[in-house]
Amino acid sequence: MSPIPRFQSHRGPAVLSSGFRPFFFSGALFAALAVLIWLPFYEGELSLQTAFAPRDWHAHEMLYGYLPAVITGFLFTAIPNWTGRLPLQGGPLLTLVVLWFAGRVATAFSADLGWLPAMLVDIAFLAAVVVVIAREIIAGRKWNNLPVVLLTTLLLTGNAGFHLEAHMQGRADLSIRIGAAVVIMLISLIGGRIIPSFTRNWLVRENPGRLPTPFNRFDTATVATSVIALALWVALPNAVIAGLALTLAGLLQAVRLGRWAGYRTFRDRLVLVLHIGYLFVPAGFLLTAAACFGWLAPSAGLHAWMAGAAGVMTLAVMTRASLGHTGQRLAASISTQAIYGAAAVAALARIWAALDTDWSFVLLHVAAFAWVLAFLGFAISFGPLLFGYQRRSPPISKPSPAVAE
């Protein structure tokens with residue numbers, strides 16, 4: 001049988017030819033602008049017509065605004081590779097982009113619009129994404145990818161719960177933990193799939209020697225333990241049993257990362273940054289465990305996961321996928337490496353701000369500046385590529401590894 005092509009001819013704007021193009025650009029630009037708005041909003045120097053408190057608006061727009069855009073861009077590009085089915089393009093893709101943007105506007109003006117209409121507009125995007133990815137995975141009979149549908153559905157549920165919780169209680173807590181837990185599980189599942197694969201491909205070609213350990217029962221046990229630990233944390237964030245489970249999960253995740261031979265990839269920053277981003281996963285587990293024991297503020301672990309794992313990993317995936325799926329050479333330019341460095345600084349400064357209250361004001365501003373630099377840098381550097389204004393790289397002597405998302 002002839003394989004089904006992953007892409008079909010597209011006569012419209014290049015930016016609508018594949019899911020990663022509009023969602024990576026829009027998500028990165030929004031991530032930068034949202035933090036630029038949030039800091040003066042948080043300090044009382046700027047007002048928004050949102051029904052959310054400043055902290056909640058920031059948490060919501062990172063968890064349920066920026067991250068769903070990037071996750072959607074990744075999944076809409078990965079699923080055709082997984083299933084062999086044609087990707088979403090043109091008008092249907094534009095409709096989803098508009099739905100996502102409408103959610104950002106509705107949330108920003110929810111005080112005027114009303115919490116219920118704002119919620120319905122906001123959740124429409126993730127609801128549509130769940131329907132699309134479920135249809136594609138079921139039609140392609142790729143049953144092993146159904147957990148992605150479940151996790152995306154949980155993200156949708158958390159988003160709806162965020163609006164309800166903020167309206168009924170004045171602030172959101174449970175839904176923040178739900179969103180964070182879903183994102184970490186997506187990173188654990190997808191990262192556990194692509195990081196060893198990309199590492200192995202590069203090492204076989206460029207640095208023969210020790211290779212990443214293939215997925216085995218240890219990985220299954222690590223993922224299962226992480227699911228249990230996160231579920232306990234979501235339900236019982238201050239319980240000792242949650243702290244113990246998070247500690248065990250963090251140690252297992254650290255060992256898992258060590259089995260992927262990341263220390264041997266220093267010469268390829270595109271691969272190395274994936275390992276650095278994933279390092280924040282076990283760090284987040286251990287810091288959150290310490291918070292359960294009452295040793296430090298919960299925001300340290302939460303930002304290790306969100307600013308660190310989610311922030312660095314999404315930039316790592318966005319840069320690699322943008323290069324690989326537009327025919328560019330898979331190599332991190334100086335500007336791309338600067339983006340990675342800024343994201344790492346933002347994550348470390350934000351974690352430090354939670355640990356050292358004496359320096360929190362300065363560190364918050366450092367973290368915000370570095371975050372904006374990283375994501376605005378991505379939008380500026382990769383925007384021409386995503387909009388189709390940059391030509392393919394010339395052929396190179398060694399074939400670049402396929403992007404396996």
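Here are two short exercises on the pockets of this predicted model, each with a worked solution.

**Exercise 1.** Describe the largest pocket: find its volume, the residues closest to its centre, the elements that line it and the classes of its lining residues.

*Solution.*
- Step 1: Start with the space itself. The volume of the largest pocket is about 1,000 Å³.
- Step 2: Move to the centre. The lining holds 41 residues, and Arg-55, Ser-299, Leu-302, His-303 and Arg-350 are the closest to the centre of this pocket.
- Step 3: Trace the lining back to its elements. Two or more residues each come from helix 1 (20-42), helix 2 (54-83), helix 7 (174-206), helix 10 (269-292), helix 11 (298-324), helix 12 (334-355) and helix 13 (360-386). Helix 11 has the largest share, with ten residues.
- Step 4: Sort the lining by class. You should find 28 nonpolar, nine polar and four charged residues.

**Exercise 2.** Now do likewise for the second largest pocket: give its volume, the residues nearest its centre, the helix that gives the most to its lining and the classes of its lining residues.

*Solution.*
- Step 1: The second largest pocket contains about 440 Å³ of space.
- Step 2: Its lining is made up of 23 residues, with Ser-26, Leu-29, Phe-30, Trp-100 and Phe-101 nearest the centre.
- Step 3: At least two lining residues come from each of helix 1, helix 2 and helix 3 (90-108). Helix 1 contributes the most, nine residues.
- Step 4: The classes come out as 19 nonpolar, one polar and three charged residues.

Notes: Residues are numbered from 1 along each chain as its sequence is written. This is a predicted model: local features need pLDDT of at least 70, side-chain atom pairs count only at pLDDT 80 or more; totals for chains, interfaces and linings use all residues. Side-chain values use heavy atoms; hydrogens and water are left out. On a 1 Å grid over the protein atoms alone, a cavity is a set of points where a 1.4 Å probe fits but cannot get out, and a pocket is an open set with protein on both sides within 12 Å along at least five of seven lines; lining residues have an atom within 4 Å of a point. Grid points are joined across faces, edges and corners, and a volume is the space filled by probe spheres set on the points. Helices (H or I, at least four residues) and strands (E, at least two) are DSSP runs, numbered from the N terminus. Ala, Val, Leu, Ile, Met, Phe, Trp, Tyr, Cys and Pro count as nonpolar, Asp, Glu, Lys and Arg as charged, and the others, Gly among them, as polar.
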